[in-house]
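Opening the notebook on this one. I'll jot down what I look up as I go, starting with a side chain that caught my eye.

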Amino acid sequence: MKLKIAAPAAIRGDINLPFSKSISNRVLMINKLCNNPYRPTNIAECDDTRIMQKSITLNDNRIDTGSAGTATRFMTALLAITPGKWELTGSERMKQRPIGILAEALKELGADIEYTGEKGFLPLAVNGKELTGGVVEVNGGISSQYISAILMIAPYTQKGITIKFKGEVISRPYIQMTLSLMKRYGINAEMKDNTIEVPSGKYTGIPYTVEADWSAASYWYGISSLMQDADIILEGLDYGSIQGDSRVASLFVPLGVATEYNDGCIRLRKCNFVKKHYAANLSDTPDLAQTIAVAAALKGCPFTLSGLQSLRIKETDRITALINELGKLGYKLQYYDGTLSWDGTLGNQAIMPEIATYDDHRMAMAFSLASLVRDDIVICDAEVVSKSYPGYWNDLRQVGFKTEEV
């Protein structure tokens, strides 16, 4: 489905955001491990979480996680400690995303995992059993999903697990999110310096309510940044979230958006914007990179975004995708060693550009912002937003955007 988007002159609206898929998938994993009698409430209704829910039922020895990266990493760890013979596979893109770092770490802890195709990638053959546990060293620059997968199964090993990080740890807030949830369920583990020790034990089943998704909120920050007249209320968010992407509130202040915290919701309002070079290290919040890059470029604000090494192995190579699609709009980006930048120079712009989304939900939503400065933007494969925010286009229409299938 291709969508042409037309933006209104002003927006006022109250948006019910989707619930956090990052929290949902972790809670589903922990609930499975402890056979929790309580059903969590506000579980995200999106493709990634539906795949996670289906996968953890373990109704079939062949589990296909499609293009869901979180589910793939979490299921690798869960199957490793679940008695039985399992096959884990995924979409063609998922088979191109590395799993070897996680698989090898689990093997060091006693797991029986084999690659049935290319070494280091799906599909996997897993002979599930109780793991010994112990000490494992991992590169701190890898995806936090690998770390979270190991952390959540750690109590169910004989000795518990100690993770020692080599080098700088990226996406640290996602690791802290996992540790916070583990603590809520009765397992105390803290990160001290570059080490996490998780004792052997059992989670305690409790009721849990998932909060709204700060990653989804980022697109409304981008919209508010680019509009002259915007007043948006986002339900289900509050100060003190365990989500690292709540940092979006401070990251958008230099781009002209202020956040007002109320009881169970936030209000986005325009604030003073001074056009100057924008710089941020996003190693802790890489999922915000596309929204910030697009918003800053469209505001004509030169930028330098560092800490983006992990974007190469997301749903797509997000660095290449950003360079290609912003290039269609006249913005020539540069990338080197984890840093993406734009010097403020505007080049040739395509007429009625069709924005490719690369089977990546965040590309579709981030580039919807372009409709605020151009009236000829077409988003290709717009349905890809179902991965995390199925109601996104409906929410845009609710506040006055017009969409037309072309």
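**Entry 1: Ser 368**

I began with the side chain of Ser 368, which reaches the backbone oxygen of Met 365 at 2.6 Å. A caveat for everything below: the model is predicted. The side chain of Ser 368 also makes a polar contact of 2.7 Å with the side chain of Tyr 392. I placed Ser 368 in the loop between H11 and E19. Is Ser 368 buried or exposed? Its relative accessible area is 2%, so I logged Ser 368 as buried, the cut-off being under 20%. Skipping residues up to four places away in sequence, I found Ser 368 touching Ile 5, Ile 379, Tyr 392, Trp 393 and Leu 396.

**Entry 2: rings**

Tyr 392 and Trp 393 turned up again when I looked at aromatics: ring pairs link them with Tyr 219, Trp 220 and Tyr 389 into a cluster. How many aromatic pairs does a search of the whole structure find? I got 10.

I then looked at the pair Tyr 239 and Tyr 261. Their ring centres are 5.3 Å apart and their planes stand at 85°, so I wrote the pair down as edge-to-face. Tyr 239 lies in the loop between strand E11 (230–235) and helix H8 (248–251), while Tyr 261 belongs to strand E12 (residues 257–262), so the pair ties together parts 22 residues apart in sequence. For accessibility, I have Tyr 239 at 67%, which counts as exposed. Tyr 261 comes out partly exposed, at 33%.

One ring has a charge for company: the charged end of Lys 299 sits over the ring of Phe 273, 4.1 Å from its centre.

**Entry 3: Asp 287**

Next I checked the UniProt record. The entry, which is unreviewed, puts the feature "active site" at Asp 287. I find Asp 287 in the loop between strand E14 (278–281) and H9. Asp 287 has 11% relative accessibility, so it counts as buried.

Which residues is Asp 287 in contact with, leaving aside its neighbours within four places in sequence? My list reads Tyr 174, Asp 245, Lys 314, Arg 318 and Arg 362. With Tyr 174, I also have a polar contact of 3.4 Å between the two side chains.

**Entry 4: H9**

Since Asp 287 sits in the loop between E14 and H9, I looked at the helix too. H9 covers residues 289–298, and 10 of its 10 residues are buried. Among them are Gln 290, Thr 291 and Leu 298. Just after H9, I noted that Gly 300 takes a positive phi of about 75°.

**Entry 5: the binding-site set**

Back to the same record. The unreviewed UniProt entry places "binding site" at Lys 21, Gly 69, Arg 97, Gln 145, Arg 318, Arg 362 and Lys 387. I compared that set with the largest cavity, and its lining takes in Lys 21, Gly 69, Arg 97, Gln 145, Arg 318, Arg 362 and Lys 387.

I followed two of these up. Arg 362 lies in helix H11 (residues 361–367), and I have it as buried, with a relative accessible area of 5%. Its contacts, leaving aside neighbours within four places in sequence, are Lys 21, Ser 215, Tyr 219, Asp 287, Gln 290, Arg 318 and Ser 388. So Arg 362 takes me back to Asp 287, the residue with the "active site" label in the record.

Where does Lys 387 lie? I find it in the loop between strand E19 (378–379) and helix H12 (392–398). Lys 387 counts as buried at 4% relative accessibility. Not counting residues up to four places away in sequence, it touches Lys 21, Cys 46, Asp 47, Asp 48, Ser 67, Ala 68, Gly 69, Glu 315 and His 361.

**Entry 6: Leu 122**

Last look of the day. Leu 122 has its place in the loop between strand E5 (112–115) and strand E6 (124–128), and I logged it as buried at a relative accessible area of 4%. Between Leu 122 and Arg 97 I get 8.2 Å from C-alpha to C-alpha, with 25 residues separating them in sequence. Leaving aside neighbours within four places in sequence, I have Leu 122 in contact with Thr 72, Leu 88, Thr 89, Gly 90, Met 94, Lys 95 and Ile 99.

Notes
Residues numbered from 1 in each chain as written. Predicted model: local features only at pLDDT ≥ 70, side-chain atom pairs only at ≥ 80, totals over all residues. Heavy atoms only, no water. Buried < 20%, exposed > 50% of the residue type's maximum accessible area, 1.4 Å probe, protein only. Helix = DSSP H or I, 4+ residues; strand = E, 2+ residues; numbered from the N terminus. Phe/Tyr/Trp six-rings, centres within 6.5 Å; stacked < 30°, edge-to-face > 60°. Lys NZ or Arg CZ within 6 Å of the ring centre and 35° of its normal. UniProt positions renumbered as here; feature names shortened; annotations may be inferred. Contact = heavy atoms within 4.5 Å. Polar contact = N/O pair within 3.5 Å; in protein donor to acceptor, adjacent residues only side chain to side chain. 1 Å grid on protein atoms, 1.4 Å probe; cavity = no way out; pocket = protein on both sides within 12 Å on 5 of 7 lines; lining within 4 Å.
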